[in-house]
Amino acid sequence: IKSIFGSILFEYECENNTIAKTVYEANLSGANLRGSDLSGSDLSGSNLRGSDIDFSCFSFSCKSRKPKTDERQRIQLCHHFLSWIKYADDATDEEKAIFENLKAYANRFHRDDVERL
């Protein structure tokens, strides 16, 4: 697995190796994944703690449901999720309650150049 800059982030060798097997075994903790297209990757069980996922692309599939993440990444994802509710024309009362309950958490988002909710 290489970064967008060409440096090797992770190597895995086994008989009949595939990209899917390599990603499954990958420890991407601390990796610079900024701008990476990870759609279609099986991230279940992958260690993403400490990796930079700004401007990355994750797919909404069962393959991306169980990665190991850190608080910064969870806050980032929560901020994006809540922005969908904030700008929805048809947000339900339940969604509005979720928004209010999580807004302070999501506003701990690490980027200074992003509007707070």
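## A three-helix chain, step by step

The chain has three helices and zero strands. Keep in mind as you look at it that this is a predicted model. If you follow the sequence from start to end, the pattern reads α-α-α. Of the 117 residues in the chain, 32% are buried. Among contacts with a separation of 6 or more, 27% are between residues 24 or more positions apart.

### The helix pair α2 and α3

Let us begin with α2, which covers residues 71-86, and α3, which covers residues 93-106. How does the length of α2 compare with what its 16 residues should span? At 1.5 Å a residue the helix should span 22 Å, and its end C-alpha atoms are 22 Å apart, so the two values agree.

Now place the two helices side by side. Their axes come within 9 Å and cross at roughly 145°, and α2 passes α3 in a left-handed crossing. On the α2 side, the residues that take part in the contact include Arg74, Cys78, Phe81, Leu82 and Ile85. On the α3 side, Glu95, Ile98, Phe99, Leu102 and Ala106 are among them. Sorted by class, this contact holds ten nonpolar, one polar and six charged residues.

Which residues of α2 are buried? They are Gln73, Ile75, Gln76, Cys78, His79, Leu82, Ser83 and Ile85. The buried residues of α2 pack against α3.

### The nonpolar cores

In soluble globular proteins, nonpolar side chains tend to be buried together. Here, the largest nonpolar core has seven residues: Cys78, Leu82, Ile85, Ala91, Phe99, Ala106 and Leu117. Two elements, α2 and α3, each give two or more residues to this core. The largest share, three residues, comes from α2.

Phe99 is a good residue to click on. Setting aside its neighbours within four places in sequence, Phe99 is in contact with Leu82, Ile85, Lys86 and Leu117. Apart from this core lies another one, of five residues, including Leu33, Leu43, Leu48 and Ile53.

### Four residues and their surroundings

The table gathers four residues with their places in the chain and their relative accessibility.

| Residue | Place in the chain | Relative accessibility | State |
|---|---|---|---|
| Asn16 | segment before α1 | 59% | exposed |
| Ser51 | loop between α1 and α2 | 5% | buried |
| Ile98 | helix α3 | 30% | partly exposed |
| Arg111 | segment after α3 | 18% | buried |

Why does Arg111 count as buried? Its relative accessible area is 18%, and buried means under 20%. Leaving out neighbours within four places in sequence, Arg111 is in contact with Asp54, Phe55 and Arg116.

Ser51 is buried too, because its relative accessible area of 5% is under the 20% cut-off. Ser51 sits in the loop between α1, residues 19-25, and α2. Asn32 is 19 residues away from Ser51 along the chain, yet their C-alpha atoms are separated by 5.6 Å.

Asn16 counts as exposed because its relative accessibility is 59%, and exposed means over 50%. The backbone of Asn16 has something to notice as well: its phi is near 55°, a positive value in a residue other than glycine.

Ile98 brings us back to the helix pair. Is Ile98 buried, exposed or partly exposed? At 30% relative accessibility, Ile98 counts as partly exposed. Apart from neighbours within four places in sequence, Ile98 is in contact with Phe81, Leu82 and Ile85. For Leu82, the C-alpha to C-alpha distance from Ile98 is 8.3 Å, with their positions 16 residues apart in sequence.

### A glycine in the loop

Where does Gly40 lie? Like Ser51, Gly40 is found in the loop between α1 and α2. Gly40 is in contact with Ser59 and Lys63, leaving aside neighbours within four places in sequence. Ser64 is 24 residues from Gly40 along the chain, and the C-alpha atoms of these two residues are separated by 8.5 Å.

### Looking back

To retrace the picture, start at α2, whose buried residues pack against α3. Then find the seven-residue core, to which both of these helices contribute. Finish with the other core, where Leu33, Leu43, Leu48 and Ile53 are among the five residues.

Methods:
Residues numbered from 1 in each chain as written. Predicted model: local features only at pLDDT ≥ 70, side-chain atom pairs only at ≥ 80, totals over all residues. Heavy atoms only, no water. Core = buried A, V, L, I, M, F, W, Y, C linked by side-chain atoms within 4.5 Å. Buried < 20%, exposed > 50% of the residue type's maximum accessible area, 1.4 Å probe, protein only. Helix = DSSP H or I, 4+ residues; strand = E, 2+ residues; numbered from the N terminus. Contact = heavy atoms within 4.5 Å. Axes fitted to C-alpha atoms, helices over the stretch in contact; angles between N-to-C directions. Left-handed = near helix turned anticlockwise from the far one by under 90°. Nonpolar A, V, L, I, M, F, W, Y, C, P; charged D, E, K, R; others polar. Expected span 1.5 Å × (residues − 1).
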